[in-house]
Amino acid sequence: MCLGIPGEIVEIPPDQTDLAKVDVSGVRRAVNIGLLDGQPLRPGDWVLIHVGFALSKIDEAEARAALEFLEGIGQAYEDELRALRDSSIDRP
Amino acid sequence: MRFVDEYRDADKARALSAKIASLCEPGRAYKFMEVCGGHTHTIYKHGLEDYLPETITLVHGPGCPVCVIPMGRVDDAIHIAEQPDVIMTSFGDMMRVPGGRGSFFDATAGGADIRMVYSPLDALKIARREPDRRVVFMAIGFETTAPSTAVTVLRAAAEGVRNFSVFCNHVTIIPAIKAILDSPDLRLDGFIGPGHVSTIIGCRPYEFIARGYGKPLVVAGFEPLDILQSVYLLMLQLAEGRSEVENQYARVVPWAGNVKALRAVNEVMELRPYFEWRGLGFISHSALRMREAYAAYDAERLFDIPGDRVADPKACQCGEVLKGVLKPWECKVFGTACTPETPIGTCMVSSEGACAAYYNFGRFSRQRVREATR
């Protein structure tokens, strides 16, 4: 919950300006990117996500390192991914 | 995996270790606090204390948001969850946190509708889907999660969703650090500053620690080399007689933080006069509540909460662990009565809690060290 998880932007739907689809360890979900104003995002970019919100743009090296760190944590990251899998903020 | 090696290289770690050792003044002991639970996790998992001279001690700080929720607030949340038509929602980490009357899990077994959500936006979605229910989001966390709650409230207001509210328990890290600095229990030489909180608040809010208290603080990343590098930077400051705020994690943390996120929080929430922290007691201006303008989304105003103060179990020494006065294994119930399966204290509940981190990795690491030196 407190740790940021890195996600790769895979899609930015043109009709929902604050949302982007990200891939986090193979889980694809929508997250809010509205707090990254002024930092244009494109597919292939990486962001650090906290509870459904991208809070910073990071480079790929940082993302890989962060992923490795989280995968090493084990259960807590699995729980986070399971929660993310259940999340669907882009659908009504 | 070349990316990761960059942050994990054992040769680099040994080189840093030697540089740190060379800065130690003979006869002087150093104590640094790692404020964030994520750092605690890295330190135990990689056995980083073994890379440091024996005269340098790392102590844990209060930076585990689940750990600092007082029992009374858990009871208040369960009270709200038990009201007619209520769906209580919160992060998974919250489910096992013990209150005076048990945890969310216990309350669920008793018939309360409490659901885990990944994001406050998921809680808002439940409210949209179930207009006849009153959906409450139990908001917890430091500055890393407060913006998400704020944006969700703004979204609810913009959409006119009327059956959604927030039970606000957001806390702020600076007053907790100040309380520790003012506490007579612990003499610290410097701080390893939190990484992700700082992406929001930036580095400026720490300057009073360097200027007013004369203690260096280095905002650090979560990789083993990040932490060793930060200890080196702290030692260098002490050796050179400086006390400054430095940003070792500049690849993620902007000096000014995330202004848009701070603005959203400031729009929806304001500082409480005081708030109780588990183990640390009442700290003034250390938590956020909803502003009057968003009263319609404030569960504290919408529901009549008991607001009782509940003392921590006598056996539990989370307070001392959260202040860095005790190491997890020095607690009387660590690993015996208190384990991640049956936690007595919050530090054993969250994976970011110092006790859970040590329970899961510390023993393993020490064993590995023994084997390596055999």
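**View 1. B:Met33 meets its partner in the neighbouring strand.** In this predicted model, B:Met33 has B:Phe191 of β7(B) as its bridge partner. Step back a little and you can follow the two strands themselves: β1 (residues 30-36) and β7 (residues 190-193) of chain B are paired in the parallel sense, with three bridges between them.

**View 2. Helices α3 and α8 of chain B on the sheet.** Helix α8 of chain B, residues 173-182, packs on the sheet and touches β1, β2 and β7 of chain B. The direction of α8 makes about 135° with that of β2(B). Have a look at helix α3 of chain B too: spanning residues 37-45, α3 lies across β1, β2 and β7 of chain B, and runs at about 120° to β1(B).

**View 3. The open sheet of chain B.** Here are the five strands of the sheet, in the order β2-β1-β7-β8-β9 (chain B), with parallel pairing. At the edges stand β2 (56-63) and β9 (245-247) of chain B; each has a single partner strand, so one side of each is left without a neighbour in the sheet. From one strand to the next, the twist averages 20°.

**View 4. Where chain A touches chain B.** Contacts link 34 residues of chain A with 38 residues of chain B. On the chain A side, β4 (46-50), β5 (53-58), α1 (60-73) and α2 (75-85) each supply at least two residues. The largest share comes from α1(A), with eight residues. Sorted by class, this side of chain A has 18 nonpolar residues, nine polar and seven charged.

Definitions and conventions:
Residues are numbered from 1 along each chain as its sequence is written. Chains are lettered from A and ligands numbered from 1 in the order in which they are written. This is a predicted model: local features need pLDDT of at least 70, side-chain atom pairs count only at pLDDT 80 or more; totals for chains, interfaces and linings use all residues. Two strands pair if DSSP finds at least two bridges between them. Helices (H or I, at least four residues) and strands (E, at least two) are DSSP runs, numbered from the N terminus. Axes are lines fitted to C-alpha atoms, for helices over the stretch in contact, and angles run from 0 to 180 degrees between N-to-C directions. Two residues are in contact if their C-beta atoms, placed from the backbone, lie within 7 Å. Ala, Val, Leu, Ile, Met, Phe, Trp, Tyr, Cys and Pro count as nonpolar, Asp, Glu, Lys and Arg as charged, and the others, Gly among them, as polar.
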